[in-house]
Amino acid sequence: MNQNNTINIRAIRNKKSIKKDLSLQPKNIHDQYYQESDDSEDEKILSKIGRLQTKKYKDKDFIGYDENLNKIQKKKQFQDTIDEFINKTENKDWWRVVRDELNNQDVVLNDKQLQLLDRIRTGKTAIKLADDYYFEHEDFNQFDLLSSYNPKRRFLPSKWERIKINKLVQGIKLGRIVLNPPQKVEKMFDVWENVAEDQVLSKYLPARIPASKAQLPSNVASYNPPEEYLFTEQEKQQWLQTDPEDREIPFIPQKFKHLRNVPSSEQLTKDLFNRCLDLYLAPRIRRKKLMMKSTDFLPEIPKPEELKPFPTRLNFEFGQIDTTKSGQVKQISISQDGQILGVCYEYAVAFFDAKTTKCLHTKWQSDDKQFLGLDFSQSGLICILQSNGFIILNSYIDKRQHPNVEDGEKANKQIPKNSNNVFEWNFELDDNVFQQLLEVKMPYDPLYVQFHSKSDYIVSTQPHTHVKSHCILVHSISKSSTSIPFQNMKASTEVQQTIFHPTKPELYIMTNKNIFIYSLTKQQLMKKLLAGNQQNSTIAIHPYGDNLIVGSNDQKVCWFDLDMGKTPFKKMSYHKNGVRRVIFHKTYPLFASCSDDGTINIFHCRISTDLNQAPVILPLKVLKQKKKESVMDVAFHPTQPWIYSASKEGVVSLWT
């Protein structure tokens, strides 16, 4: 009990001492803070707002209270930025003024305060330290323990610094290093300056787009319009009943005797308002109008003079043989060296010198047989088609140039005589020129024949056969044998012509409407070309082997690019009658076509090695016969830009 009493007495004494201490302290806590603080008087807080936020006094005329509980009125500030701008122009020390929002006053900074702020911003100490705190360090010590001296290189200028300085000086001289380069300053301009638009504004502002022009009034809007423009009562009622948007005329036409009698328009303000809406809401776009002619869109076509040489005129005509005995011309062909021109008639075959027109040899046929065509090989052999077979002649004296014929004779002797072979081979070797070397007999008439590039194989076409598999035959001279490549051929197919590819083992078969490409090595069909003609008549392949042309009886010549597709790349209709023959030149970029209308068309064909470029085909010249006779066949000279033609009456001409 005594201990508890002592504790309570001590607690009462402590409470009394606390009350005495509180009575001795100042009444305001802020006054005690400012008395004990070391701050200057200008940092003293004048407004006594306690812990309240300044937002409470935002909408009031005063901000807090002073020591005597009087209201501190707000100092008037600038009403807007214009007043602030005017104050800055009048007061030179406006940049020293700092706003004290708590005390509601402007404080002007002196030089010392600005220097203090500058040191703080640059990362230095606020107050400059005294020099007493610094001491110097002596590099050289007289009493060094190592007793080493500074080397000589420390007293000489640095060699590497000299080299670096020389490089910098050289760069400045050459212009690689620019000291204090000029800074790009943006060009400022006054938008409201009274300067021509073409000089200044057109450089920086977008191009001006003029507004659409208002529709001009017509005769209906006249104060004295013609009577046919005036409304009747029925038309007037109909105009009033229709909607304003559907009316053709937005007003009722009226007639006045004098212009001074015309009253003011009732819809003037409305029309002006609609016009303003059109200008404001109607979008406008500037469209560039290209002033170009229709010829500018066409590709540039070279002139025919730039594409020379090509045949342009008739040079001479070959001497005719007796047409009553020889009959009509069937086909012409020229040797690979360009020396001999062969002309096949119905009952005779004539060989001329291609340059002098001299007749070298004439081979006549008996009455019961006819000649049907001929072709020259690269080795000098001549294949002449006749009824029920063909014969091969020698065009040179030296028979050793034809080793295939000698090999064929040896192979023919090994064949037994009693064998049931439909095709009969008879060899008659002779050293004389234009003498028969062999004869092949067949049960039907071949209409077209062509040598292979190696002069060993011959392909013949017999469209009028009873056995459809025999319409295409391949003959081998060295083996003295005839092969049938297509055993199963449809009866509906009508083969017109068959040719070899110039470089590949492929066979091109032309029917009435299509062209088939057959591989001889794989023995399968590779591609089918759709000509789209009524009846094909002739075919020729380019020496490169990537393009071919097809002529038809419906006056068309079709160009096929084998790399593009199955349809013709280009169709040409320059003839008035059916096309008899189409041919390519072997060395020049030329091809020609002849027709029954008595004309020969010469074309320029340029084929690029780039697969992305299409072939260029241009017509050059139209060669016409004197009597407008139908041209049966044409043949290009192998080395010269000449062309030979044969008319229906047997006239052979040379065009150069």
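This is a short tour of selected places in the structure, one selection at a time. Keep in mind that the model is predicted.

**Stop 1: a strand with both sides covered**

Select residues 340–345, which make up strand β7. How many of the six residues of this strand are buried? Six of the six are, so β7 is largely enclosed by the rest of the structure. Colour the two faces separately if you like: I340, G342 and C344 are on one side, while L341, V343 and Y345 are on the other, and all of them are buried.

Now add the strands that pair with β7. Strand β6, residues 329–334, runs antiparallel to β7, with five bridges between the two. To find your bearings in this pairing, pick I334 and look across to L341, which it stands opposite. The two strands form a hairpin with five residues between them. Within that turn, click on G338: its phi is positive, at about 80 degrees.

Then select residues 348–353, strand β8. The pairing of β7 with β8 is also antiparallel and spans five bridges. Here I340 has D353 as its bridge partner. This hairpin has two residues between its strands.

**Stop 2: an open sheet of four strands**

Next, bring up β5, β33, β32 and β31. These four strands form an open sheet in exactly that order, with antiparallel pairing. Which strands are at the edges? They are β5 (314–317) and β31 (631–636), each of which pairs on one side only. On average, neighbouring strands of this sheet are turned by 25 degrees against each other, direction ignored.

Zoom in on β32 (residues 643–647) and β33 (residues 652–655). Four bridges join this antiparallel pair. One place to look is Y644, whose bridge partner in β33 is L654.

While β5 is on screen, follow the loop between α8 (268–281) and β5 until you reach P309. The peptide bond from K308 to P309 is cis, with omega near 10 degrees.

**Stop 3: aromatic rings together**

Show the aromatic side chains. The structure holds ten aromatic pairs. Start with F591 and F603, a stacked pair whose centres are 4.7 Å apart and whose planes are at 10 degrees to each other. The pair links distant parts of the chain: F591 belongs to strand β28 (residues 590–595) and F603 to strand β29, twelve residues apart.

Are these two rings' residues buried or exposed? F591 is buried, with a relative accessible area of 0%, and F603 is buried too, at 2%. Widen the selection to W559, Y574 and F584 as well, and you will see the cluster that ring pairs make of these residues together with F591 and F603.

**Stop 4: T599 and its surroundings**

Stay with β29 and move to T599, which lies in this strand (residues 599–606). T599 counts as buried because its relative accessibility is 11%, and the buried class covers values under 20%. Display its side chain along with that of D597: a polar contact of 2.8 Å joins them.

Which residues does T599 touch, leaving aside those up to four places away in sequence? Select H575, S593, C594, V622, L623, K624 and V631 to see them.

**Stop 5: charges over rings**

Two selections show a charged end placed over a ring. At W239, the charged end of R247 sits over the ring, 4.0 Å from its centre. At W160, look for K159, whose charged end sits over the ring at 5.0 Å from the centre.

**Stop 6: two loop residues with positive phi**

Finish with two residues in loops. N180 is in the loop between α5 (159–174) and α6 (201–204). Although N180 is not a glycine, its phi is positive, near 50 degrees. With a relative accessible area of 74%, N180 is exposed.

Then go to Q555, in the loop between β24 (547–552) and β25 (557–561). Q555 is another non-glycine residue with a positive phi, about 70 degrees. Its relative accessible area is 33%, so Q555 is partly exposed.

Notes:
Residues are numbered from 1 along each chain as its sequence is written. Side-chain values use heavy atoms; hydrogens and water are left out. Buried means under 20% relative accessible area, exposed over 50%, partly exposed in between (1.4 Å probe, protein chains only). A polar contact is a pair of N or O atoms within 3.5 Å; within protein, one must be able to donate a hydrogen and the other to accept it, and residues adjacent in sequence count only if both atoms are side-chain atoms. Contact means heavy atoms within 4.5 Å. Rings of Phe, Tyr and Trp (its six-membered ring) pair if their centres lie within 6.5 Å; planes under 30 degrees apart count as stacked, over 60 as edge-to-face and the rest as tilted. A charge sits over a ring if NZ of Lys or CZ of Arg is within 6 Å of the ring centre and within 35 degrees of the ring normal. Two strands pair if DSSP finds at least two bridges between them. Axes are lines fitted to C-alpha atoms, for helices over the stretch in contact, and angles run from 0 to 180 degrees between N-to-C directions.
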